[in-house]
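Here is my note on the two-chain model you sent. The points are numbered so that you can reply to each in turn.

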Amino acid sequence: MSVCTKMPYRKKLVAKTSCAAAMLLGALSLGISPSFAQDFPEGNISVTIPTGEGGGADRDARSFAQVWNKYLPRNVEFSYYPGAAGQVGYEFYMRGDASPSNLLFSNIGPEVIMLELQDVPVEIGEDIVYIQKTSTEPMAIWVGANSPFETLEQLIEEAKTRPVTISVSRLPHPATIGMLALGEATGAEFNLIPFGGGNPTAMAAITGEVDASALPLANPITFGEEARVLGIFADENPVPDQTNDAPTVNEVAGTDLPPLTSSRAWAVQADAIAENPELIEILKQTMRQTLEDPEYIEAVRASGVPAEFIDPGNQEEAMQEAAETRELAIQYRDLLTGE
Amino acid sequence: MLYELDTLAGLIGHAFSLWWIMIPAIAVGLVAGAVPGFAAHNTIIILLPLTLALDVEVALVFMVALYCASHLGGGVPAILVNIPGTGGAAATTLDGYPMTKKGQAVRALALCFVASVLGGLISAIVTLFALPVLSQVGYYIHSVELVVVMLFGLALIASIAAKDMLKGLIAGAFGLMLGAMGADHIYATPRGTFGFLELFDGVPLVPALIGLFAISEAFVMLEQKTVVSDSDRPTAPPSWGESSREIFNAFRHWWQITWTAILGLVIGVLPGAGASIASFVAYQQSQFFSKTPELFGTGHPQGVIAPESANNGVTTGTLVPLLAIGVPGGSTAAVMMIVLQFHGVPFGPRLFVEQPELAYGVIAAMAVSYILMIPFMFPMVRYMSRVTVISTVYLAPFIVAFTLVGAFVPRGFLFDMSVAVAFGIIGYVARKTGYHVAAILIGVILGPLIERSFLLAMRISNNDPMVLFSSNIGNLLWVLLVLSLALPPATSWWRRRGERTNEIQKGFGDEPR
């Protein structure tokens, strides 16, 4: 397994030294250099992650990068810019070069909502383009193993008698929209508590500080027996065997909510596409090869994420999802911003 | 639960067999902890390409040894040059540096190392036996209780301000105000960022720490020849015998080390808490229980022991949520989770079912890494104290240059170097005008943490302020907080009143009949 692609750095100064060492390691261990990738500029690929290290985006970007190196043998240098629901990361990313070697690893759902709701001078399509999805997962409602709620019906019924507390990662998030839409459709009252990140959000549900949590489905799955999935915001459960055959929210509540998903995707600055279309094509091609590689599928599984979530959606599909998410954000703007 | 002694012995023995990776990790950790800006978390990230290449067990052992050593290293510059290497060592400056100024650097270093090593070792051993119990702490301590725990730390401002209450409180309030900068926790609305994107995530702690302590201290240093006055300056390095004697003498404080380490361990287990809070709370509580509270802040050994023991107690505590529940309790644990995920190792309860030897082995490795730090103490105590005799003409520029790089490292922003300089000027003015920089820093560190927990508690309760008094544990903590704030002045008043009564009675007795 290659090592050189796993290079998380905030510190570019130190990173360059470590990169060189890791590159040597990689070259020694792999010795692979696909010919078409030779046209790609030498030097590191810089990846901005608009959330903190150790989170879901970090996990998924690393799983991807370790295999991607087979097809595009360049070192990957990660930078983390959490803050203001991802705004800091997007703005810092735009300050960088419009180059095919400068990428953003994004979480389309929450970040498009954030861009729509917050005063961010970044436009999807005009400034940033999502060029390749890597995974898509639905949002889920889940509780800790010790929770008294066994089913989603119980949770909804309780929420009709009192405000039920739901931990969410942040307010601008598809899971938040799902809970608000569910409350609106059923008359249940959900009190959404943004804990600022997947880990503290999950902790609040597991330890019983809140009644339940709404997060992307991979989160409760990675917590194994500590979590019980009650419902999924999708047309069907993509991983019934890993969620104890949890029902969809629409099945339980008799609602007609749209599927609420979020995709991880690679993005570049729009100017980079205009200036270097052939290099962006190399990026896309090698990314697609990575997504089809059994080694990548194994790496995803090893990280605790179901392989069923792998989604090789292309640029068109990724931008379509971004547009649909933006519509949702506009629809629920008042509830999400507290205005 | 790990009751079988042979199992424990096996784990410890196996951990010792990994000495070859622990010793370099300890060396790196000591340096990383001593250099402001690096710390364990950043260093582990930098070294991830190495740790990901290692076997998962070896990688974890390397990381925990480095993590533990960095907490020990953080106290060194706090004592010698009034510059805490990490936020967790900020409280160490309160008494460590005054000891150095009095020519007691060797003693202060010995206390720091013994408190760190013994405190870390005790907390690791307690964790080995009580991991299932400790893992339950998170189920009972939520946002409400965390608010009160952090208020214990904030109460330290009042202690610091004892000599000049008005200036102390102004400094603390100023720190809290700075800590309120950044995007708010609920709606991510920027507050007081002056349009700087770099401040959206709040005032960066490391540059603030470096500015308030390191740069302002460097400015002050330039006004004198050496850190210690000529009369207190040692003419020769301490002998091995003297260094060893100080180390052995430090062990006499075993009881304070034990209880502050356990306090640190429990605080470390709490999500959202960490070494800074633990060391402030331990310092505040040590002062409360001390027979000589008036000596705190003047170079009192207990004031060095408390924060150092507590912040090393935290090291094991932060791993408990990751190992027991599967959720990292802090940033260092989050990076360790990456390594576990990379190798496909399950974490949380599954780790104990599928690879219990790895779960308990990590804690055993922490205990062993603290044991392996013992030989490091002797040369460090002997030679590091010599820093204080270096001329400030060389020392001050070195500190400024070195720490400015440290300010840059955590986020990679040049802006953060400007923040460090700005805080350096604030710190210098504060020192010159009698405002305590530690009070400002406590506000900067604890302000955002308290605000977050407070907002979460309020939002969970639909903005009912009575939620702060809604839990039994929370209410017990409130009572203890009130007692720890009210008892010292009350007992002091009672003592003065007794002395006055005695004087009056003595006066009557002395009157000629």
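1. A word on contacts before the details. Two residues count as touching if their C-beta atoms, placed from the backbone, lie within 7 Å. On that basis, Pro307(B) touches Ala89(B), Ala91(B), Thr92(B), Ser279(B), Ala282(B) and Tyr283(B), leaving aside residues up to four places away in sequence. Please keep in mind that this is a predicted model.

2. Where does Pro307(B) lie? Its place is in helix H17 (residues 301-325) of chain B. Is Pro307(B) buried or exposed? The cut-off for buried is 20 or more other C-beta atoms within 10 Å. Pro307(B) has 38 within that distance, so it is buried. As for a residue further along the chain, Val421(B) is 114 residues away from Pro307(B), and their C-alpha atoms are separated by 27 Å.

3. Phe194(B) gives the opposite reading. The residue sits in the loop between strand S2 (190-191) and helix H13 (205-221) of chain B. A residue is exposed if it has 12 or fewer other C-beta atoms within 10 Å. Phe194(B) has 7, so it is exposed. From its C-alpha atom to that of Ser331(B) is 28 Å, with the two positions 137 residues apart along the chain.

4. Chain B as a whole is built from 24 helices and two strands. Of its 513 residues, 59% are buried. Its C-alpha trace spans about 85 × 60 × 55 Å along the principal axes. Does the radius of gyration fit, and what value would a compact globule of 513 residues have? The expected value is near 24 Å; chain B has 23 Å, so the two agree. Contacts in chain B between residues at least 6 apart in sequence are 79% made up of pairs at least 24 apart.

5. Helix H10 (residues 143-154) of chain B passes a simple length check. Its twelve residues, at 1.5 Å a residue, should span 16 Å; the end C-alpha atoms are 16 Å apart, so expectation and model agree. H10(B) is mostly covered, with eleven of its twelve residues buried. Among the buried ones are Ser143(B), Glu145(B), Val148(B), Met150(B), Phe152(B) and Leu154(B).

6. Chain A has 14 helices and nine strands. Buried residues account for 62% of its 339 residues. Among its contacts with a separation of 6 or more, 80% are between residues 24 or more positions apart.

7. Strand S7 (residues 212-216) of chain A deserves a look. It is mostly covered: five of its five residues are buried. Which strands pair with S7(A), and in what sense? Strand S4 (residues 128-144) of chain A pairs with S7(A) in the antiparallel sense, over four bridges. Here Ile141(A) stands opposite Ala214(A). Strand S5 (residues 164-168) of chain A runs parallel to S7(A), joined to it by three bridges. In that pairing, Ser167(A) has Ser213(A) as its bridge partner.

8. The domain assignment splits chain A into domain 1 (12-136 + 262-337) and domain 2 (138-253). Their centres, taken over C-alpha atoms, are 27 Å apart. At the contact, 20 residues of domain 1 of chain A meet 18 residues of domain 2 of chain A. On the domain 1 side, helix H4 (108-117), helix H13 (315-331) and helix H14 (333-337) of chain A each supply at least two residues. H4(A) gives the most to that side, with five residues.

9. The largest nonpolar core has 288 residues. Ala212(A), Ala65(B) and Leu109(B) have the most contacts inside it. Helix H8 (residues 105-134) of chain B supplies the largest share of this core, 19 residues. Why does the core lie between domain 1 and domain 2 of chain A? Both domains give residues to it, so it lies between them.

10. One residue of that core can be checked by hand. What does Leu109(B) touch? Its partners, not counting residues up to four places away in sequence, are Val76(B), Ile79(B), Met380(B), Val381(B), Met384(B) and Ser385(B).

Methods
Residues are numbered from 1 along each chain as its sequence is written. Chains are lettered from A and ligands numbered from 1 in the order in which they are written. This is a predicted model: local features need pLDDT of at least 70, side-chain atom pairs count only at pLDDT 80 or more; totals for chains, interfaces and linings use all residues. Two strands pair if DSSP finds at least two bridges between them. The radius of gyration is taken over C-alpha atoms; the globule rule is 2.2 Å times the number of residues to the power 0.38. The expected span of a helix is 1.5 Å times one less than its number of residues. A nonpolar core is a set of buried Ala, Val, Leu, Ile, Met, Phe, Trp, Tyr and Cys residues joined through C-beta atoms within 7 Å. Domain bounds come from an automatic or database domain assignment.
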